[in-house]
Amino acid sequence: MLKQAIGRVFSNRVVSNSGDKLLLPCLYLPTSSIHAGQVQCAPRSFFGVEDFVDDDNSRPYTYKKEKKPKNPGKKHESFKQRTGAYMEPFTLDVFISKRFVSASLTHRVTSKQVAVAGTNSKDIKAVLKSRSDIPACLAIGQILAERAREADVYTASYTPRDRDKFEGKIRAVVQSLIDNGIDIKVYLD
């Protein structure tokens, strides 16, 4: 039965699309793939290049494969980046808007706020003349220093945000903390 099927295939002649060549029939397995937006159909040979492509079917096996990183997406961290959160566990965060000033000391590892002070709180709001000027910033630094000492925090680090400059009101808050006994390391990039 197989001989009869193969005999029928070989008895028929196949003409190509261009019409100029006469092809002998062979057993082809049509495969299609999309390359550069065009569908290509090619005969698949028994030992053709298609049989020896790598995992993503993009190149033959003879090309040099790229090394894949062990942990993709995570870049190499330096020793300082890995240990900084434990050597300097507390960070200072200062936020100043047109209407109020707030500052907090946060533990890096646990992400818990240890001490918080802001001009929007009821006890500070009543005492201050303005909630966003330099005297308000100095008062926030003093109150934050008292609350930090109550929580046994005596050192912290401060890195200004990209949009902030270390001058004016932000500098007043940090200087007030330093004057009231909290050691602040300022990292300027």
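## A tour from the β6–β7 loop to the core

Start by selecting Ser 111, which sits in the loop between β6 and β7. Helices (H or I, at least four residues) and strands (E, at least two) are DSSP runs, numbered from the N terminus. This is a predicted model, in which local features need pLDDT of at least 70 and side-chain atom pairs count only at pLDDT 80 or more, while totals for chains, interfaces and linings use all residues. Residues are numbered from 1 along each chain as its sequence is written, and side-chain values use heavy atoms, with hydrogens and water left out.

**Stop 1: the loop and its hairpin**

Stay on Ser 111 and look at its backbone: phi is positive, about 60°, although the residue is not a glycine. For background, most residues other than glycine have a negative phi. Is Ser 111 buried or exposed? Ser 111 is exposed, with a relative accessible area of 55%; buried means under 20% relative accessible area, exposed over 50%, and partly exposed in between (1.4 Å probe, protein chains only).

Now widen the selection to the hairpin of β6 and β7, which has 5 residues between the strands. β6 and β7 run antiparallel and are joined by 5 bridges; two strands count as paired if DSSP finds at least two bridges between them. To see one of these links, select Leu 105 and its bridge partner in β7, Ala 115.

**Stop 2: β6 and its other neighbour**

Colour β6 (101–107) next. Of its 7 residues, 6 are buried, so this strand is mostly covered. On the β5 side, β5 and β6 pair in the antiparallel sense over 7 bridges, and a hairpin of 4 residues joins the two strands. Asp 93 is a handy marker here, with Ser 104 as its bridge partner in β6.

**Stop 3: a pair of rings**

Show the side chains of Phe 95 and Phe 100. They form one of the 2 aromatic pairs in the structure. Their centres are 5.9 Å apart and their planes meet at 50°, which makes the pair tilted. The rule is that rings of Phe, Tyr and Trp (its six-membered ring) pair if their centres lie within 6.5 Å; planes under 30 degrees apart count as stacked, over 60 as edge-to-face and the rest as tilted. Both rings have some accessible surface: Phe 95 is partly exposed at 31%, and Phe 100 is partly exposed at 24%.

The other pair to display is Tyr 158 with Phe 166, also tilted, with centres 6.2 Å apart and planes at 45°. Here both Tyr 158 and Phe 166 are buried.

**Stop 4: around Tyr 158**

Keep Tyr 158 selected and show what surrounds it. Leaving aside neighbours within four places in sequence, its contacts (heavy atoms within 4.5 Å) are Leu 92, Val 94, Phe 166, Ile 170, Val 174, Ile 184, Lys 185, Val 186 and Tyr 187.

Which residues have the most contacts inside the largest nonpolar core? They are Leu 92, Leu 144, Tyr 158 and Ile 184, in a core of 28 residues. Such a core is a set of buried Ala, Val, Leu, Ile, Met, Phe, Trp, Tyr and Cys residues joined through side-chain atoms within 4.5 Å. At least two of its residues come from each of β5, β6, β7, α4, β8 and α5. The largest share, 7 residues, belongs to α4.

**Stop 5: β8, α5 and β9**

Select β8 and β9, which run parallel and are joined by 4 bridges. One bridge to find is that of Ser 157, whose partner in β9 is Lys 185. Follow the chain from β8 through α5 to β9: this β-α-β crossover is right-handed (with the strands pointing away from the viewer, the path from the first strand over the helix to the second runs clockwise).

On α5 (169–179), highlight the buried residues Ile 170, Ala 172, Val 173, Val 174, Ser 176 and Leu 177. Their cover includes β5, β6, α4, β8 and β9. Just after the helix, Gly 181 takes a positive phi of about 100°.

**Last stop: Val 186**

Finish on Val 186 in strand β9, which is partly exposed at 30% relative accessibility. Not counting residues up to four places away in sequence, Val 186 touches Tyr 158, Phe 166 and Val 174. Draw a distance from its C-alpha to that of Val 174, 12 residues apart along the chain, and you should read 8.8 Å.
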